[in-house]
Amino acid sequence: MLNRQSVMESSRASEKKKLKRKEILEKKKAADQLLKVASAQIDHLTSFPSFCYFNKNGLCLRLESGRGDKLSNCTKQQIQKLLKANMMGPYGSEWAVEEKVKRREMVAPEARYIFVYWNANEMMDNAFTPLLGFLHFRFTLEEEIPVLYLYELQLDSSVQGKGLGKFLMQLVELIAQENRMGAVVLTVQKSNSLAMKFYISKLRYVESSISPSRVDPLVGVEKNYEILCKTFDHEAKAILEDC
């Protein structure tokens with residue numbers, strides 16, 4: 001028969017497991033609620049009026065919000081055109097397959113956008129306004145941490161190298177923090193050296209613990225991408241950077 005001490009220890013162990021399970025469930029529920037609230041916002045620019053326009057280095061631009069399931073056919077075509085112009089080179093022979101994936105991702109209900117256009121005040125009335133750039137991001141979980149995952153940052157060649165990319169990334173980070181996300185996470189092709197330098201050297205992103213080369217160096221060598229992140233709290237840092 002079990003003695004009294006063994007019974008008490010078994011009871012305490014069982015109670016600890018119950019509390020742990022309850023804690024995990026409550027944490028997941030809280031994270032899911034954060035994602036739900038963040039995704040429900042119609043326009044993420046309303047909280048940051050100073051980011052609705054970009055007027056620097058000869059550029060007079062305006063920003064607009066959007067979502068994947070509300071894109072016009074014209075906008076879809078412009079997104080595809082910009083993606084092809086910027087990403088066909090880095091993806092190389094894999095682009096044909098990747099382009100189909102990106103087309104599906106583009107119109108997903110959970111896809112959130114920030115579009116960049118010439119400022120309407122600088123254009124003629126009723127003139128066609130070309131898409132000069134866009135952000136595609138989503139609110140999701142990575143290793144049970146709520147994050148803003150940046151799927152795309154694409155700029156037309158005419159507006160590159162003028163501070164717009166850094167401006168948009170500042171906006172992304174503000175949106176993430178405003179919605180209490182633990183980090184901004186993004187994927188970069190290894191062959192895209194300019195993008196790697198931009199994120200790591202200029203913006204201080206780091207290779208995440210979930211990036212292929214850190215999960216398994218042998219497998220990582222075979223992968224053509226890395227996952228980078230910038231964390232905003234200790235828990236996210238411990239899991240997405242230091243783990």
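Biologist: What makes the contact between the side chains of Lys-28 and Asp-32 a salt bridge?

Modeller: A salt bridge needs a side-chain nitrogen of Lys or Arg within 4 Å of a carboxyl oxygen of Asp or Glu. The side chains of Lys-28 and Asp-32 meet at 3.0 Å, N to O, so the pair fits the definition. This is a predicted model, where local features need pLDDT of at least 70, side-chain atom pairs count only at pLDDT 80 or more, and totals for chains, interfaces and linings use all residues. Residues are numbered from 1 along each chain as its sequence is written, and side-chain values use heavy atoms, with hydrogens and water left out.

Biologist: Why is Lys-28 called partly exposed?

Modeller: Buried means under 20% relative accessible area, exposed over 50%, and partly exposed in between (1.4 Å probe, protein chains only). Lys-28 has 40% relative accessibility, so it counts as partly exposed. Asp-32, at 32%, is partly exposed as well.

Biologist: What makes Lys-190 and Glu-226 a salt bridge?

Modeller: Their closest N and O atoms are 3.9 Å apart. Lys-190 lies in the loop between strand 6 (183-189) and helix 5, and Glu-226 in strand 8 (residues 225-231), so the pair ties together parts that are 36 residues apart in sequence.

Biologist: Is Glu-226 called buried or exposed, and why?

Modeller: Glu-226 has a relative accessible area of 8%, so it is called buried. Its partner Lys-190 has 32% and is therefore partly exposed.

Biologist: How do you know whether Lys-202 is buried or exposed?

Modeller: Its relative accessible area is 62%, so Lys-202 is exposed. Lys-202 lies in helix 5 (residues 193-202).

Notes: Helix = DSSP H or I, 4+ residues; strand = E, 2+ residues; numbered from the N terminus.
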